[in-house]
Amino acid sequence: MAMASTAIAGGGQVLNVSNPAVVRVRQLIGGTAEYSSDGWRRCWEEGVTPWDLGQPTPAVVDLVNSGTLPGGDHDGRATTVLVPGCGAGHDVVALSGAGRFVVGLDISEAAIHKARQRAAAAADGNSFDFVAADFFTWEPPDKFDIIFDYTFFCAFEPSMRPAWAKRIADLLKQDGELISLMYLAEGQEAGPPFNTAVVDYEEVLNPLGFVMNSIQDNEVAVQSRKGMEKMARWKRMANPTSLNSVGEMQTSP
């Protein structure tokens, strides 16, 4: 298996599958369980990247400004953040600084090259890094305090989702936090993005001890993604067997 890059966005709750960019991405990726780095590389080389906003995701900017993200400890150790499927790295740079060190990971060498080029002018280049590697096989020197997943999940064919969840658990510290900005595509006969619902996350994360502490609509989504996104924050319990099938969950009104 290979790591998918950031998933595709479109308008409305059901994508317009006649969109030439969506059609071309699906041709390049193949729409199957086995993802090749070559497909994602060709997307970047051909400029077929409809998921790339060309700027940080507004919800990420809001998250940073909310003051709810940890920013280092009393010993001066930075909070470490992983952004898998980081693409051009806009969100990596936005999340960095203020006591946070962020690693952007993508299987596409072309995406990582572009991310490094765009980030070169950032004010604090020492607070982030980019790595071209496979999410499923990459072995970092340390686990992370936070993992931020933005539409990475829905880029995978559904049979790959348990493996995604296991890898999230492997890469996250025991007391770490998963923040998932969910892209909830519906009505897809192929992908990426594949059909995704909140329960799809719960089904693979709850058995590994993850509990959704909060979930809310993404009110600042870009226009083409309005009504399709939710932000959820997850913590992992020490004893996964103590969870029920759904877990404790607090929802916003």
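Hi everyone, let me start with a pair of strands: strand S6, residues 210-217, runs antiparallel to S7, and 7 bridges join the two. One pairing to look for on screen is Met212, whose bridge partner in S7 is Trp234. Please keep in mind as we go that this is a predicted model.

Now to the other neighbour of S7. Strand S5, residues 172-183, is also antiparallel to S7, and 7 bridges join them. Here you can find Ile179, with Arg233 as its bridge partner in S7.

So how enclosed is strand S7 by the rest of the structure? Strand S7 covers residues 229-236, and 6 of its 8 residues are buried, so the strand is largely enclosed.

Let's zoom out to the sheet. These strands belong to an open sheet of 7 strands with mixed pairing, and the order is S3-S2-S1-S4-S5-S7-S6. Which strands sit at the edges? They are strand S3, residues 128-132, and S6, each of which pairs on one side only. From one strand to the next, the twist averages 20°.

Next, the helices on this sheet. H6 packs on the sheet and touches strand S1 (79-84), strand S4 (144-150), S5, S6 and S7. The direction of H6 makes about 140° with that of S5. H7, for its part, lies across S5, S6 and S7, and runs at about 160° to S5.

And how do the two helices meet each other? As a reminder, two packed helices are described by the angle between their axes and the distance between the axes. Helix H6, residues 161-171, packs against helix H7, residues 198-205, at an angle of about 60°, and their axes are 9 Å apart. That angle makes H6 oblique to H7. As for handedness, H6 passes H7 in a right-handed crossing.

If you want to click through the contact, the H6 side has Arg161, Pro162, Trp164 and Ala165. They meet Asp200, Tyr201, Val204 and Leu205 in H7. By class, that contact has 6 nonpolar residues, 2 charged residues and no polar ones.

To pull it together, S7 is joined to S5 by 7 bridges and to S6 by 7 bridges. H6 touches S5, S6 and S7 among its strands, and H7 lies across S5, S6 and S7. Thanks, and I'm happy to rotate the view for anyone.

How values were computed: Residues are numbered from 1 along each chain as its sequence is written. This is a predicted model: local features need pLDDT of at least 70, side-chain atom pairs count only at pLDDT 80 or more; totals for chains, interfaces and linings use all residues. Side-chain values use heavy atoms; hydrogens and water are left out. Axes are lines fitted to C-alpha atoms, for helices over the stretch in contact, and angles run from 0 to 180 degrees between N-to-C directions. Helices (H or I, at least four residues) and strands (E, at least two) are DSSP runs, numbered from the N terminus. Angles under 35 degrees count as roughly parallel, over 145 as roughly antiparallel, 65 to 115 as roughly perpendicular and the rest as oblique. A crossing is left-handed if the near helix is turned anticlockwise from the far one by less than a right angle, and right-handed if clockwise. Contact means heavy atoms within 4.5 Å. Ala, Val, Leu, Ile, Met, Phe, Trp, Tyr, Cys and Pro count as nonpolar, Asp, Glu, Lys and Arg as charged, and the others, Gly among them, as polar. Buried means under 20% relative accessible area, exposed over 50%, partly exposed in between (1.4 Å probe, protein chains only). Two strands pair if DSSP finds at least two bridges between them.
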